[in-house]
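I opened this entry to keep track of what I looked up, one topic at a time.

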Amino acid sequence: RGLVKGHAYAVTDVRKVRLGHGLLAFFKSEKLDMIRLRNPWGEREWNGPWSDTSEEWQKVSTSEREKLGMTVEDDGEFWMAFDDFCTYFTDIIKCRLINTSYLSIHKTWEEAVLKGAWTRHEDPLKNRCGGCVNNRETFLQNPQYVFDVKKAEDEVLVCIQQKPKRTSQKEGKGENLAIGFDIFKVELNRTYRMHTLQTKVASSIYINSRSVFLRMDLKEGRYVVIPTTFEAGH
């Protein structure tokens with residue numbers, strides 16, 4: 001059917017498509033649930049029903065196709081019936097979009113983006129790849145980031161990401177590292193790194209994924225998030 005097994009596609013649109021032509025289509029109002037997908041490779045498209053050159057498109061008026069932005073190109077983007085999508089795909093990953101505008105009348109978020117690295121050093125004071133909390137002697141050598149919850153209780157979203165490993169696959173280093181993080185509540189006046197374990201309030205899973213995400217509700221106070229690799233020294 002043209003789909004690549006085990007491959008991820010992006011969902012770019014979902015529509016109810018009106019079938020038929022002219023006034024008959026308007027009054028009959030038969031509609032089909034459809035979804036538009038994109039292959040990040042920019043090629044290799046679905047070639048089943050409702051693919052770019054399939055005869056099913058003859059059931060749709062020219063004006064309706066124009067509304068959909070229908071094109072017949074091998075550009076990696078294609079439409080398919082939602083029933084077929086449910087048949088051939090097994091998982092959906094949703095990305096949560098957050099509103100950070102201070103001018104919005106809806107709920108807004110404070111966002112912080114921080115960059116760091118798990119770097120190895122023989123000097124414990126400079127080592128930053130101590131592994132997960134199972135590595136008691138080196139865990140607190142990992143990078144540490146502080147944040148405050150300013151309301152009595154608030155929702156917090158934390159996501160860590162690692163660079164994709166595709167560029168180094170030729171060197172035998174194509175696998176993602178198993179990564180995760182722990183969050184600790186600390187004193188309100190803490191301005192330096194933790195050197196002893198404090199009260200742990202949340203933990204993510206550890207997985208060899210590009211990113212790891214966790215949503216939680218936290219009480220007012222100061223917190224430290226410690227992102228780590230599962231194994232020390234990586």
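**Entry 1: S5 and S6.** I started with one bridge: which residue of S6 is the bridge partner of Asp182? I found Ser203. The model is predicted, and I read every value below with that in mind. Asp182 falls within strand S5, which covers residues 179–186. I noted that S5 and S6 pair over 4 bridges, in the antiparallel sense.

**Entry 2: the other pairings of this sheet.** I then followed S5 to its pairing with S7. These two run antiparallel and are joined by 8 bridges. One position I looked up is Ile183, which stands opposite Val225 in S7. S7 covers residues 211–229 and also pairs with S4, again antiparallel, through 14 bridges. On that side I noted Val146, which stands opposite Val224 in S7.

**Entry 3: the sheet as a unit.** In what order do the 4 strands of the open sheet run? I wrote down S4-S7-S5-S6, with antiparallel pairing. The edge strands are S4 (145–161) and S6 (199–203), and each of them pairs on one side only. I recorded an average twist of 20 degrees from one strand to the next. As a reminder to myself, strands of a sheet pair through backbone hydrogen bonds, either parallel or antiparallel.

**Entry 4: Gln144.** I moved to the loop between helix H3 (82–88) and S4, where Gln144 lies. Is Gln144 buried or exposed? Its relative accessibility is 15%, so I count Gln144 as buried, the cut-off for buried being under 20%. I looked at the polar atoms of its side chain next. One polar atom of the Gln144 side chain lies 3.1 Å from the backbone oxygen of Leu140. The backbone nitrogen of Met194 is 2.8 Å from a polar atom of that side chain. With neighbours within four places in sequence set aside, I listed the contacts of Gln144 as Arg193, Met194, Val224, Val225 and Ile226. I had already met two of these residues in the sheet: Val224 opposite Val146, and Val225 opposite Ile183.

**Entry 5: the annotated positions.** I checked the record for an active site. The UniProt entry, which is unreviewed, places the feature "active site" at His7 and Asn39. I noted that they are spread over 33 residues of sequence but cluster in space, with a largest C-alpha distance of 8.6 Å.

I took His7 before Asn39. His7 lies in the segment before strand S1 (10–18). His7 counts as buried because its relative accessibility is 17%. Leaving out neighbours within four places in sequence, I found His7 in contact with Asn39, Pro40 and Trp41.

Asn39 lies in the loop between strand S2 (31–38) and helix H2 (62–68). Its relative accessible area is 0%, so Asn39 is buried. I looked for a polar partner and found the backbone oxygen of Arg44, which the Asn39 side chain reaches at 3.2 Å. Beyond four places in sequence, the contacts of Asn39 are Val4, His7, Tyr9, Arg44 and Gly76. The two annotated residues are thus in each other's contact lists, His7 with Asn39 and Asn39 with His7.

**Entry 6: a backbone angle.** Which residue has a positive phi although it is not a glycine? I noted Trp50, at about 70 degrees. For context, most residues other than glycine have a negative phi. Trp50 is in the loop between S2 and H2, the loop that also holds Asn39. I count Trp50 as buried because its relative accessibility is 5%.

**Entry 7: the whole chain.** I finished with the totals. I counted 3 helices and 7 strands in the secondary structure of the chain. Along the sequence they follow the pattern β-α-β-α-β-α-β-β-β-β. The radius of gyration is 25 Å, whereas a compact globule of 234 residues would have one near 17 Å. I also noted the span of the C-alpha trace along its principal axes, about 75 × 50 × 25 Å. Buried residues make up 34% of the 234 residues in the chain. Of the contacts with a separation of 6 or more, 70% are between residues 24 or more positions apart.

Methods. Residues are numbered from 1 along each chain as its sequence is written. This is a predicted model: local features need pLDDT of at least 70, side-chain atom pairs count only at pLDDT 80 or more; totals for chains, interfaces and linings use all residues. Side-chain values use heavy atoms; hydrogens and water are left out. Two strands pair if DSSP finds at least two bridges between them. Axes are lines fitted to C-alpha atoms, for helices over the stretch in contact, and angles run from 0 to 180 degrees between N-to-C directions. UniProt positions are given in the numbering used here, feature names are shortened, and annotations may be inferred rather than shown by experiment. Buried means under 20% relative accessible area, exposed over 50%, partly exposed in between (1.4 Å probe, protein chains only). Contact means heavy atoms within 4.5 Å. A polar contact is a pair of N or O atoms within 3.5 Å; within protein, one must be able to donate a hydrogen and the other to accept it, and residues adjacent in sequence count only if both atoms are side-chain atoms. The radius of gyration is taken over C-alpha atoms; the globule rule is 2.2 Å times the number of residues to the power 0.38.
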